[in-house]
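Trainee: I would like a close look at the aromatic rings in this structure. Please go through them slowly.

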Amino acid sequence: MEREKVLVSAEETARQKEYMDKVRALHERRTTKPLAYVHTYGCQQNVADGERLMGMLREMGCDFTDDTKRADIVLMNTCAIRENAEKTVYGMLGQLTHTKAANPDQIICLCGCMAQQPRVAEKVKNSYRHVDLVLGPQAEWRFPELLYRAYTERGRVFSIDDEPGRIAEDIPVYRVGGVSAWVSIMYGCNNFCSYCIVPYVRGRERSREPAQIVREVRELVAAGYKEITLLGQNVNSYGKDLGTGYDFADLLAEIDRIDGDYWVRFMSSQPKDATPKLFDTMAASRHVTHQLHLPVQSGNDRVLRAMNRPYTRAGYLELINYARRVMPDLVLTSDIIIGFPGETEAEAMDTVSLINEVHFDALFTFIFSPRPGTPAAKLDDPTPREEKQRWFDALCNAQNAISTAKHAAYIGKTVRVLVEGESDDADWPLSARTEGNRLVRMKGDKSLIGTFATAKISDSNTWALYGAAEETI
């Protein structure tokens, strides 16, 4: 798309603000302030989208509740990546028949990636008639208009057109907590990995203007946020559609020049677009953490080709070796899919051998889940689930041993951490993260929440470090 067609105009944004005022006026006719229940499933990009939806709801006069029975508006912000997430959403929609029966004026909204799929919209239309509003990610910036229509028009509202997607700035954001913040730097995906539905539901890649991103980060730093995560389906391809030669490394360098005491993280990355320039920029920065999430998915070249992942095992290892050379303290994580259609045991064990060669700090591991509408869903998949589970267990056992050993090496060390909040463990009442994003369960005073502190590590397991706060810094 031409750049001017990608950007939502100021006039279009103003129109949505007018609809916010109209919905607020409807809400003000009530005897009590309306309550909205917002539940987000899936990735960090969905979380960021959810914060914008909540920001618009707040502007329309809503407060928030965790109880669907009390909610005047129920908004489910969905994920389409895994089959289990989809089943969970359908189960939730079934439960909402009871809240709708008790409160017929309740507005039920289904949005996000799952809602964008035509088969899902058709199922909701026919089998979940109590759902009032269905909208995909590309239509979320028009949520006030669509909600107004749901209030004022007869019939249900569906906005799931197959559109390329646009960028809307100046949308209000309701950020949960004051320590960490998400900043979307781009939307959509051009990669079309054969197992992934995202390009079909989120449209093509489109980058926000650098000045808008830098302004948002500067405002967050000034507001006291200590951790800022830059988001995109593939942040490494940021800027390609701008046509200026300005890339993701340039954006990181510009953000890094903002004064303040804060960390910058980013995700997700695609190995095909990761460059030495990016790693050099990370190594030279003051604020960008030496943490990299670089999904490899498989350690076998034939499987990578079947996945439409345009790199090889050797190419991935070359990237990692360079990144570790310029950042010896790099914390490295990845995504792995086991049991891709047609994968053999020997090919699955190639992935296990890659794990043992790279020594990732942690992994996000999945057994292949076919998503209707993707090429991989049409492939023959003769391997029984029980066999895939055996391969998966071998993978997890290998990584767990590595993670356990890496964490044990921290015992006795003092590390800088960002104290995020309270934990659910009375013995270790605080929850914190290291620069490398390792979870730390801590002893310490609640006044440390929202600050950087030092923690002396005294124990560890596969998934976390344990220690006690020494001082704020």
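Mentor: What follows deals with the aromatic pairs and with charges over rings. This is a predicted model, in which local features need pLDDT of at least 70, side-chain atom pairs count only at pLDDT 80 or more, and totals for chains, interfaces and linings use all residues. Residues are numbered from 1 along each chain as its sequence is written, and side-chain values use heavy atoms, with hydrogens and water left out.

The structure holds eleven aromatic pairs. Rings of Phe, Tyr and Trp (its six-membered ring) pair if their centres lie within 6.5 Å; planes under 30 degrees apart count as stacked, over 60 as edge-to-face and the rest as tilted. One of the pairs is Tyr-19 with Tyr-148, which is tilted, at 5.6 Å centre to centre and 55 degrees between the planes. Tyr-19 belongs to helix 2 (residues 10-28) and Tyr-148 to helix 7 (residues 143-152), so this pair ties together parts 129 residues apart in sequence. Helices here are DSSP runs (H or I, at least four residues), as are strands (E, at least two), numbered from the N terminus. Tyr-19 is buried, at 12% relative accessible area, while Tyr-148 is partly exposed, at 22%. Buried means under 20%, exposed over 50%, and partly exposed in between (1.4 Å probe, protein chains only).

Tyr-90 and Tyr-128 are stacked, because their planes lie at 15 degrees, with ring centres 5.6 Å apart. Both Tyr-90 and Tyr-128 are buried.

Elsewhere, Tyr-311, Tyr-316 and Phe-360 form one aromatic cluster.
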